[in-house]
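User: I am new to this structure and would like to be guided through it by questions and answers. Please begin once it is shown.

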Amino acid sequence: MSQNDSRAKPSEKGLLTPDNCVVAFIDHQPQMLFGTSNFDRQSIINSTVALAEATRIFDVPVILTTVETKSFSGNIWPQLKAVYPDREPIERSSMNSWDDRNFVAAVEKTARKKLVLCGLWTETCIALPTIQALHDGYDIYVVEDCCGDVSQLAHDNAMRRVVQAGAKPVTALSVLLEWQRDWAQRDTYDAVMDVVKRHFGAYGIGVEYAYTMVHGADPTHFPQYDLPELAAAHSQVARQ
């Protein structure tokens, strides 16, 4: 039984739930990040890993895809690979993943019409599939802080273009909280708080302060929760 089978299903009414969407990570590769200059690069890595860990907490289907790994872009980031150690990305030659039959087939296989996209670069690898997927009837959410482009202008133009086409801009944190929705959902609460404390800056520090200084929690205590293989994956990265 997956976590989704035992968890109360939140109302949808236009919102993302763990049961109605699929997340695609597009071209999170070294060479693509080298060329990104609109956001701090480490912040993009941080937000992307946070979103990836959130998909594991909530059992959301994920598609990983890369472009020209051997000839230009390099392997998928080890930080992202660590979250999905047994999953191979779909390799493409096309800049537009919606032109790739394997990628589209992977999306269709999930039978979900809400598609959450993030990747590098925003103006090509995100904008192009967003516009075509919208045309094909998908509801698109672009996780902006997990995206980046060669300049602020390029990224901003891309975001304006996808929003005008009908996509919804979101962030890694907003997606995490939209999936959690209710703090009474205790089966995911500790895992969500762990992601918040490790990845979301002032919010995470505030949570840690409230735990230890307000509620008197042991500052050496780390919450235990069921997130299979994630701890082992982090250990694998540390050894590399």
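The questions and answers that follow concern a predicted model.

User: How many residues of helix α3 are buried?

Analyst: The model is predicted, and helix α3 covers residues 41–57. Its 17 residues reach 25 Å from the first C-alpha to the last, close to the 24 Å expected at 1.5 Å a residue. The helix is largely enclosed by the rest of the structure, because the number of its 17 residues that are buried is 13.

User: Which residue just after α3 takes a positive phi?

Analyst: The residue in question lies in the loop between α3 and β2 (62–67). With a relative accessible area of 31%, the residue is partly exposed. Its phi is near 55°, a positive value in a residue other than glycine. The residue just after α3 is aspartate 59.

User: What is the phi of arginine 181?

Analyst: Arginine 181 is found in the loop between α9 (172–180) and α10 (186–199). Its relative accessibility of 32% makes arginine 181 partly exposed. Arginine 181 is a residue other than glycine with a positive phi, near 65°.

User: Which two residues does a cis peptide bond join?

Analyst: One of the two lies in the loop between β4 (114–119) and α7. Omega of the bond is about 0°. The cis peptide bond joins leucine 120 and tryptophan 121.

User: How many residues apart in sequence are the parts tied together by phenylalanine 25 and tyrosine 84?

Analyst: By the pairing rule, the structure has five aromatic pairs. Phenylalanine 25 and tyrosine 84 form a tilted one, with 6.2 Å centre to centre and 55° between the planes. Phenylalanine 25 lies in strand β1 (residues 21–26) and tyrosine 84 in the loop between α5 (78–83) and β3 (90–92), so the parts tied together by the pair are 59 residues apart in sequence.

User: Is phenylalanine 25 buried or exposed?

Analyst: Buried means under 20% relative accessible area. The relative accessible area of phenylalanine 25 is 1%, so phenylalanine 25 is buried.

User: What is the angle between the planes of tryptophan 98 and tyrosine 138?

Analyst: Tryptophan 98 and tyrosine 138 form an aromatic pair with 5.4 Å centre to centre. The pair links distant parts of the chain, 40 residues apart: tryptophan 98 is in the loop between β3 and α6 (101–110), and tyrosine 138 is in the loop between α7 (122–135) and β5 (139–143). Both residues are buried. The pair is edge-to-face, and the angle between the planes is 80°.

User: Which residues form one aromatic cluster?

Analyst: Tryptophan 98 and tyrosine 138, already described as an aromatic pair, both belong to the cluster. The cluster is formed by Trp98, Phe103 and Tyr138.

User: The charged end of which residue sits over the ring of tyrosine 189?

Analyst: A charged end sits over the ring of tyrosine 141 as well, that of lysine 168, 5.6 Å from the centre of the ring. For tyrosine 189, the charged end sits 4.0 Å from the ring centre. That charged end belongs to arginine 186.

User: How far apart are the closest N and O atoms of arginine 198 and glutamate 53?

Analyst: A search of the whole structure finds seven salt bridges. One of them links distant parts of the chain, with arginine 198 in helix α10 and glutamate 53 in helix α3, 145 residues apart. Arginine 198 is partly exposed at 36% relative accessible area, whereas glutamate 53 is buried at 1%. The closest N and O atoms of this salt bridge are 2.6 Å apart.

User: What separates aspartate 194 and arginine 198 within helix α10?

Analyst: Aspartate 194 and arginine 198 form a salt bridge, with the closest N and O atoms 2.9 Å apart. Aspartate 194 is buried, with a relative accessible area of 11%. Because the two residues are four residues apart in helix α10, they are separated by about one helical turn.

User: Which residues are joined into one network by salt bridges that share partners?

Analyst: Arginine 198 forms a salt bridge with glutamate 53, and aspartate 194 forms a salt bridge with arginine 198. The network of shared partners therefore joins Glu53, Asp194 and Arg198.

User: Which residues make the nonpolar surface patch?

Analyst: One of its residues, valine 214, lies in helix α11 (residues 201–214). Valine 214 counts as exposed at 57% relative accessibility. The patch is of about 360 Å² and is made by Tyr209, Met213 and Val214.

Notes:
Residues numbered from 1 in each chain as written. Predicted model: local features only at pLDDT ≥ 70, side-chain atom pairs only at ≥ 80, totals over all residues. Heavy atoms only, no water. Patch = residues over 30% accessible without salt bridge, like charges linked within 9 Å, V, L, I, M, F, W, Y side chains within 5 Å. Areas by Shrake-Rupley, 256 points an atom, 1.4 Å probe, with all protein chains shown as cover. Salt bridge = Lys/Arg side-chain N within 4 Å of Asp/Glu carboxyl O. Buried < 20%, exposed > 50% of the residue type's maximum accessible area, 1.4 Å probe, protein only. Phe/Tyr/Trp six-rings, centres within 6.5 Å; stacked < 30°, edge-to-face > 60°. Lys NZ or Arg CZ within 6 Å of the ring centre and 35° of its normal. Expected span 1.5 Å × (residues − 1).
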